[in-house]
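Here are a few exercises to work through with the model open beside you. Try each task before you read its solution.

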Amino acid sequence: MIQKKPLVLLEMNVNTTKIYSEIVTAFVNKKRLLAILLDPDKIDFYEIKQLAEKINLSPATHIFIGGSLVFSEAIEQLIEEIKKLIQLPIILFPGHPSQIVENADGILFLNLLSGRNPDYLIGHQVKAAPVLKKMNFEVIPTAYLLIESGGKTAVEVVSKTNPISRHDSTEAVATAQAGELMGNKLIYLEAGSGAIQSVPEEMIQKVAKSVAIPVIVGGGIRTKKALDLAYQNGATMVVIGTAFEVNIEFFNQISHD
Ligand code: 1GP
């Protein structure tokens, strides 16, 4: 006999694809999405108001929260403060299952497919899954591909994985396609936070053409030109963190076309 799902579970599944639906709409309509990455370790809580004002005046569409080393209390507190000042969707971009907190709007459920470390392919996901199933927020499975960027990045060190060579678009395409076929809903091409070189244009273009799901590009984007090129080559969303941390006036440079 087929058991009926309790109503409460059905209700939990309603409205849990809003963030992804909006990303797909942008993908279909070739609209540009911009996520600002906030790392609780690097943010001065006294300057949040000024930061929020800049974000509210910028073309930013999403806030990503995460970092390689931060703990959940700091993340929860940062989200609480930001929610008072900014209306944008807040998405967890976790480096570890311990960074999952309930007051975000959603989470990128990352699968580090460029690497061969089982912890980042399935271990952390197994730890996180029971926690996420109890939470009523959106979980977006994301194929996460680390791309060589001219130096060792925090993701490389923490995950103990090798990035895909920046000259090997064939490997990047095959990995992205495997990610799509495994059921991931997004491809994230990551050069690493503070990367010396961002993901090569040609690689973005080849990957974006090879899959039917939106591509996110991040890491080392510091100029309006690099931002525009990422979109022109097929990125639906670009993620920027360091450029704003180093120079808050960078918001002014990207605010007007
Ligand atoms: C890192 O892709 C993001 O995960 C953003 O990188 O800090 O270099 O902008 P940056």
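Two rings of Phe, Tyr or Trp (for Trp, the six-membered ring) count as a pair if their centres lie within 6.5 Å; planes under 30 degrees apart are called stacked, over 60 edge-to-face, and the rest tilted. The model is predicted, so local features need pLDDT of at least 70 and side-chain atom pairs count only at pLDDT 80 or more, while totals for chains, interfaces and linings use all residues. Residues are numbered from 1 along each chain as its sequence is written, and side-chain values use heavy atoms, with hydrogens and water left out.

**Exercise 1. The aromatic cluster**

Task: Find which residues the ring pairs link into a cluster, and work out how Tyr 144 pairs with Tyr 188.

Solution:

Step 1. Start with the count: the ring rule gives six aromatic pairs.

Step 2. Take Phe 93 and Tyr 144. Their ring centres are 5.8 Å apart and their planes stand at 80 degrees, so this pair is edge-to-face.

Step 3. Place both residues. Helices (H or I, at least four residues) and strands (E, at least two) are DSSP runs numbered from the N terminus. Phe 93 sits in the loop between strand 3 (90-92) and strand 4 (106-112), and Tyr 144 in strand 5 (residues 138-146), so the pair ties together parts that are 51 residues apart in sequence.

Step 4. Check burial. A residue is buried under 20% relative accessible area, exposed over 50%, and partly exposed in between (1.4 Å probe, protein chains only). Phe 93 is buried at 9%, and Tyr 144 is buried at 6%.

Step 5. Move on to Tyr 144 and Tyr 188. With centres 5.1 Å apart and planes at 90 degrees, this pair is edge-to-face. Tyr 188 belongs to strand 6 (residues 186-190) and Tyr 144 to strand 5, so parts 44 residues apart in sequence are tied together. Tyr 188 is buried, as is Tyr 144.

Step 6. Collect the result: Phe 64, Phe 93, Tyr 144 and Tyr 188 form a cluster linked by ring pairs.

**Exercise 2. The two sides of a helix**

Task: Sort residues of helix 3 (residues 48-57) into buried ones and exposed ones on the face turned away from the buried side.

Solution:

Step 1. List the buried residues of helix 3: Ile 48, Leu 51, Ala 52, Lys 54 and Ile 55.

Step 2. Look at where they point, using the arc of the directions from the helix axis to the C-beta atoms. The buried residues span an arc of only 160 degrees around the axis, which puts them on the same side of helix 3.

Step 3. Recall the geometry: an α-helix has 3.6 residues a turn, so residues three or four places apart point the same way.

Step 4. Turn to the opposite face, where the exposed residues Lys 49, Glu 53 and Leu 57 are carried.

Step 5. Ask what does the covering. Contact means heavy atoms within 4.5 Å. The cover over the buried residues of helix 3 includes strand 1, strand 2 (62-65), helix 4 (72-85) and helix 11 (250-255).

**Exercise 3. Three loop residues**

Task: Decide whether Lys 30, Lys 160 and Thr 236 are buried or exposed, and locate each one.

Solution:

Step 1. Lys 30 is in the loop between helix 2 (18-28) and strand 1 (33-38). Although not a glycine, Lys 30 has a positive phi of about 55 degrees, and with a relative accessible area of 74% it is exposed.

Step 2. Lys 160 is in the loop between helix 6 (154-159) and helix 7 (169-181). This non-glycine residue has a positive phi of about 50 degrees, and Lys 160 is exposed at 70%.

Step 3. Thr 236 occupies the loop between helix 9 (224-232) and strand 8 (237-240). At 5% relative accessibility, Thr 236 is buried.

Step 4. See what surrounds Thr 236. Beyond neighbours within four places in sequence, its contacts include Ile 23, Phe 27, Leu 33, Pro 214 and Tyr 231. The C-alpha atoms of Thr 236 and Ile 216 are 6.0 Å apart, with their positions 20 residues apart along the chain.

**Exercise 4. The whole chain**

Task: How many helices and strands does the chain have, and what share of its residues count as buried?

Solution:

Step 1. The chain has 11 helices and eight strands.

Step 2. Of its 257 residues, 50% are buried.
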